[in-house]
Amino acid sequence: MGKFKVVEKFISINGEGRFAGELATFIRFAGCNLNCSYCDTKWANESTAPYEILSEEEIYAYIKEQNVNNVTLTGGEPLLQENIGRLIKLLSKDKDLRIEIETNGAVSLKEFIDIGENVTFTLDYKLPGSKMNHMMIMDNYDLIRALDTVKFVVSDYEDLDKANEIIQEYRLIDRVAIYLSSSFGVIKPEDIVKYMIQHNLNKVKLQLQMHKYIWDPNKKGV
């Protein structure tokens, strides 16, 4: 039986990604192997963060109690949890669930990518503005599938240029869903739109972190 460090579990809307605006059950795990400049969940990455230890069966039971079909595993970095594969396999057996795993790009997807057709990955590419660009595992871009998503959190024009470089180099436009997300309060969304127009970024979507506009940007549990 796996044991997982869970710092939060709650129901809200997905604030970003393919299912933005839809209800989701969130399971947030403790710990991360990155320290991004704009991280909005640094508290969950601290060794002192309060958490509860839950088994995969307890997590599944909580999810089913909520009667919400979308499930988001997030963090921190969920794929760092020991035995996380067991939890993903358990959830994937329930075909009523649609499981999204938010991962930071610094963990290999190799052992997780083919667990189930109802399991999708939202893979972050950390741009220079994050200060974590050097940690990216580029082999992940050979593994991602049409049902997965690549997300770029943009802080400035240097980030936009790097995002465009990766999109073109790995031919992402016809392979996965692509989102450019503005680092909240750092770059104006209109500047990203202007860049998209200038560089003909067809099939690339601008996305705002919806939850930060609905609630206080620092509010937990949303």
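Let's start with Y125: at 4% relative accessibility, this tyrosine counts as buried. Keep in mind that you're looking at a predicted model. Y125 is also part of an aromatic cluster, together with Y141, F152 and Y170. From there, we'll go through the ring pairs, the core, helix α2, the strands around it and a residue called A177.

**Aromatic rings**

- There are 6 aromatic pairs in the structure. One of them joins Y125 and F152, and it counts as tilted because the ring centres are 5.8 Å apart with the planes at 50°.
- That pair ties together distant parts of the chain: Y125 belongs to strand β6 (residues 119-125) and F152 to strand β7 (residues 149-154), 27 residues apart.
- How buried is F152? Its relative accessible area is 0%, so F152 is buried.
- Another tilted pair is made by Y157 and Y195, with 6.5 Å from centre to centre and 50° between the planes.
- This one links distant stretches too, with Y157 in helix α4 (residues 157-169) and Y195 in helix α5 (residues 189-198), 38 residues apart.
- Is each partner buried or partly exposed? Y157 comes out as partly exposed at 40% relative accessibility, while Y195 is buried at 3%.

**Charges over rings**

- K9 lies over the face of Y62, 5.3 Å from the ring centre.
- R98 does the like with F19, lying over the ring's face at 3.7 Å from its centre.

**The nonpolar core**

- The largest nonpolar core has 55 residues, and the members touching the most others are L73, F152, L172 and L180. So F152 turns up here as well as in the aromatic cluster with Y125, Y141 and Y170.
- What does L73 touch, once residues up to four places away in sequence are set aside? Its contacts are I27, F29, P78, L87, I88, L91, I99, E100, I101 and E102.

**Helix α2**

- Helix α2 covers residues 56-66, and its buried residues are E56, I59, Y62 and I63.
- Why do they line one face of the helix? Looking down the axis of α2, the buried residues fall within an arc of 125°, so they sit along one face.
- Here's the background: an α-helix has 3.6 residues a turn, so residues three or four places apart point the same way.
- Y62 is a name you've already met, as the ring with K9 over its face.
- The cover over these buried residues includes β1 (3-13), β2 (23-29), β3 (52-55), β4 (70-74) and α3 (84-92).
- Right after α2 comes N67, which has a positive phi, near 60°.

**Strands β1, β2 and β4**

- Strand β2 is mostly covered, with 6 of its 7 residues buried.
- β2 pairs with β1 in the antiparallel sense, over 7 bridges. In that pairing, E8 stands opposite R28 of β2.
- β2 also pairs with β4, this time in the parallel sense, over 4 bridges. Here F26 stands opposite T72 of β4.

**A177 in strand β8**

- You'll find A177 in strand β8, which takes in residues 177-182.
- Why does A177 count as buried? Its relative accessibility is 14%, and the cut-off for buried is under 20%.
- Apart from neighbours within four places in sequence, A177 contacts R18, A146, D148, T149 and V150.
- How far is A177 from G75? Their C-alpha atoms are separated by 21 Å, and the two residues are 102 residues apart along the chain.

Key: Residues numbered from 1 in each chain as written. Predicted model: local features only at pLDDT ≥ 70, side-chain atom pairs only at ≥ 80, totals over all residues. Heavy atoms only, no water. Core = buried A, V, L, I, M, F, W, Y, C linked by side-chain atoms within 4.5 Å. Buried < 20%, exposed > 50% of the residue type's maximum accessible area, 1.4 Å probe, protein only. Contact = heavy atoms within 4.5 Å. Helix = DSSP H or I, 4+ residues; strand = E, 2+ residues; numbered from the N terminus. Arc of directions from axis to C-beta. Pairing = 2+ DSSP bridges. Phe/Tyr/Trp six-rings, centres within 6.5 Å; stacked < 30°, edge-to-face > 60°. Lys NZ or Arg CZ within 6 Å of the ring centre and 35° of its normal.
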